[in-house]
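Below is a walk through one protein model, going from the whole chain to a single residue. Please look over the sequence and the structure before reading on.

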Amino acid sequence: MNQQRLILSSPLLEIVISRLAQQLIETHQDFADTVILGMQPRGIHFAERVARELNRALGHTVPLGYLDATFYRDDFRRRDSPLRPNTTHVPFIIENKRVILIDDVLATGRMVRAALDAMTAFGRPRKVELLVLIDRRYNRDLPIKPDYTGKRVNTLESQQVLVEWTEQGADADRIWLVG
């Protein structure tokens with residue numbers, strides 16, 4: 001039997017995004033030397049939400065890009081079916097910038113490691129910070145920890161976190177624990 005438990009939904013999700021944006025502003029002030037990279041495919045919707053909240057609070061546009069790490073994954077050549085890459089759109093140089101890498105769910109840490117490798121094509125950042133909506137504790141394969149977290153969730157390896165965004169056609173924003 002497949003069980004679903006609601007982890008997060010509106011209006012609490014908006015409060016979480018607002019809190020994360022305020023934490024970023026405390027650290028990065030006016031974002032003069034800071035950029036945001038949303039991790040493809042699912043982290044871009046969350047990154048866009050965070051960027052919108054930052055733009056509203058700061059009164060100017062924070063640089064936002066999308067990073068695809070498909071070809072940097074350590075399981076890229078081990079799959080039966082080929083992976084389909086997503087769009088990388090980084091309309092700025094990250095050389096000597098502070099980069100906030102954003103993803104919706106942090107589980108094993110392998111996608112973050114791949115994203116760190118993929119970033120080097122755009123320069124050497126001064127510092128990289130990780131912001132995630134959901135931190136799946138007890139699932140890490142690599143020693144990667146988020147700097148900013150929306151919600152920490154204790155999960156079993158057999159469970160999944162399902163994120164539904166209205167931008168992807170869902171009727172409401174919801175995050176589920178499935179399994």
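How many positive and how many negative side chains does the protein chain have, and how far apart do the centres of the two sets lie? The protein chain carries 25 positive and 23 negative side chains, and 3 Å separates the centres of these two sets. The model is predicted.

The fold comes next. The protein chain contains eight strands and three helices. Read from the N terminus, its elements follow the order β-α-β-α-β-β-α-β-β-β-β.

As for overall dimensions, the C-alpha atoms fit a box of roughly 50 × 40 × 30 Å along the principal axes. The radius of gyration of the protein chain is 16 Å, which agrees with a compact globule because such a globule of 179 residues would have a value near 16 Å. Among contacts with a separation of 6 or more, 69% join residues 24 or more positions apart.

Surface and interior can be described in turn. About 9,700 Å² of the protein chain is exposed, and 48% of that area comes from carbon and sulfur atoms. Of the 179 residues, 46% are buried.

One residue serves as a closer example. His28 belongs to helix H1, which covers residues 12–28. Its relative accessible area is 2%, so His28 counts as buried, the limit being under 20%. Outside the neighbours within four places in sequence, His28 is in contact with Thr34, Arg98, Ile100, Glu129 and Tyr148. With Thr34 there is also a polar contact between the two side chains, at 3.0 Å.

Key: Residues are numbered from 1 along each chain as its sequence is written. This is a predicted model: local features need pLDDT of at least 70, side-chain atom pairs count only at pLDDT 80 or more; totals for chains, interfaces and linings use all residues. Side-chain values use heavy atoms; hydrogens and water are left out. Helices (H or I, at least four residues) and strands (E, at least two) are DSSP runs, numbered from the N terminus. Buried means under 20% relative accessible area, exposed over 50%, partly exposed in between (1.4 Å probe, protein chains only). A polar contact is a pair of N or O atoms within 3.5 Å; within protein, one must be able to donate a hydrogen and the other to accept it, and residues adjacent in sequence count only if both atoms are side-chain atoms. Contact means heavy atoms within 4.5 Å. The radius of gyration is taken over C-alpha atoms; the globule rule is 2.2 Å times the number of residues to the power 0.38. Accessible areas come from the Shrake-Rupley method with a 1.4 Å probe; for residues, only the protein chains shown count as cover. Lys and Arg count as positive and Asp and Glu as negative; His and the chain ends are not counted. The place of a charge is taken as NZ of Lys, CZ of Arg, CG of Asp or CD of Glu.
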